[in-house]
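Here are some short exercises to work through with the model open beside you. Try each task before you read its solution.

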Amino acid sequence: MFGSNIWLYNNKESERYFSLGGYFAIPAGSYDAAKASMNLGENRWKGVLEVNWVQAIISKVLYAEATLEFDKFGDNNNYAGARLRQDNVYELQTHLRYILNDKNQLGVSYFHTIGGETYLNGVAQNDRQTSDRALLTWTHFLQPRLQLQFQGGTDLHVKNGPQENWRLNFRIARAF
């Protein structure tokens, strides 16, 4: 995937931020039509548009964030000998972030996703997805630009998709 966010509004005094992001995936890599959904690649283009708003609720302490995401899919004309088409996917991501100190932050997140019904040769597969999930996050800064992040969460509700009973993520990131 390629892309980036552009900060259209960045007001440090009011601690209010607005960004627009665009990403796209190209159909690169190997793809075996006989394996259909078991491929790592999708053999199709994909685009993602994100609109993000961040607002301080308590200055320097508590922040609210909301992101709306829109995913658009190209067709896979070689999906196990069929044509695969997929409806758009829409996601709402909400986050509350609490700043404990200059090295530690806590967060709680809620995600709601809908859409994405697929069609094989024009026939609906009745697989429109709906999901809700929650995550708890602890972020620790080892250095101002080096971050450790731990997340734990679960799916609250899933219709037509894989359901996670428990998720644990660990990330090391270096900002540049």
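**Exercise 1. Which element gives the most to the lining of the second largest pocket?**

Solution. Bear in mind from the start that this is a predicted model.

Step 1. Begin with the space itself: the second largest pocket has a volume of about 450 Å³.

Step 2. Go to its centre. Of the 20 lining residues, Glu91, Thr113, Gln129, Ser131 and Arg133 are the closest to that point.

Step 3. List the elements that give two or more residues to this lining: S4, strand S7 (89-99), S8, strand S11 (129-143) and strand S12 (146-159).

Step 4. Pick the top contributor. S11 gives the most, with four residues.

Step 5. Finish with the chemistry: the lining divides into three nonpolar, nine polar and eight charged residues.

**Exercise 2. Describe the largest pocket by its volume, lining and main contributor.**

Solution. Step 1. The space in the largest pocket comes to about 1,400 Å³.

Step 2. Its lining is made of 41 residues, and those nearest the centre are Glu65, Arg97, Gln147, Gln149 and Arg171.

Step 3. Strand S8 (residues 104-115) is the element that gives the most here, with six residues.

Step 4. Sorted by class, the lining holds 14 nonpolar, 16 polar and 11 charged residues.

**Exercise 3. Give the overall make-up of the chain.**

Solution. Step 1. Count the elements: there are zero helices and 13 strands.

Step 2. Take the extent. Along the principal axes, the C-alpha atoms fill a box of roughly 55 × 35 × 25 Å.

Step 3. Look at burial: of the 176 residues in the chain, 34% are buried, with the cut-off set at under 20% relative accessible area.

Step 4. Turn to contacts. Among those between residues at least 6 apart in sequence, 45% join residues at least 24 apart.

**Exercise 4. Trace the pairing from S2 through S3 to S4.**

Solution. Step 1. Strand S2 (residues 16-25) runs antiparallel to strand S3 (residues 46-58), and 10 bridges join them. To find your place, look for Arg16, which stands opposite Gln55 in S3.

Step 2. Move on to strand S4 (residues 62-73): 12 bridges join S4 to S3, again with antiparallel strands. Here Val48 stands opposite Asp71 in S4.

Step 3. Inspect the connection. S3 and S4 form a hairpin with three residues between them, and Lys60 in the turn has a positive phi of about 65°.

**Exercise 5. Why is one side of S5 and of S10 left without a neighbour in the sheet?**

Solution. Step 1. Write down the strand order. Four strands form an open sheet, S5-S6-S9-S10, with antiparallel pairing.

Step 2. Find the edges. Strand S5 (76-79) and strand S10 (123-124) stand there with a single partner strand each, so one side of each has no neighbour in the sheet.

Step 3. Check the partner of S10: strand S9 (residues 118-120) pairs with S10 in the antiparallel sense over two bridges. Within this pair, Tyr119 stands opposite Ala124 in S10.

**Exercise 6. Name the members of the largest nonpolar core, then follow the contacts of Ile99.**

Solution. Step 1. The largest nonpolar core has five residues, namely Tyr17, Val54, Ala56, Tyr63 and Ile99.

Step 2. Set aside residues up to four places away in sequence; Ile99 then touches Lys60, Val61, Tyr63, Asn104 and Gln105.

Step 3. Link this to Exercise 4: Lys60, one of the residues touched by Ile99, lies in the turn of the S3 and S4 hairpin.

Definitions and conventions: Residues are numbered from 1 along each chain as its sequence is written. This is a predicted model: local features need pLDDT of at least 70, side-chain atom pairs count only at pLDDT 80 or more; totals for chains, interfaces and linings use all residues. Side-chain values use heavy atoms; hydrogens and water are left out. Two strands pair if DSSP finds at least two bridges between them. On a 1 Å grid over the protein atoms alone, a cavity is a set of points where a 1.4 Å probe fits but cannot get out, and a pocket is an open set with protein on both sides within 12 Å along at least five of seven lines; lining residues have an atom within 4 Å of a point. Grid points are joined across faces, edges and corners, and a volume is the space filled by probe spheres set on the points. Ala, Val, Leu, Ile, Met, Phe, Trp, Tyr, Cys and Pro count as nonpolar, Asp, Glu, Lys and Arg as charged, and the others, Gly among them, as polar. A nonpolar core is a set of buried Ala, Val, Leu, Ile, Met, Phe, Trp, Tyr and Cys residues joined through side-chain atoms within 4.5 Å. Buried means under 20% relative accessible area, exposed over 50%, partly exposed in between (1.4 Å probe, protein chains only). Contact means heavy atoms within 4.5 Å.
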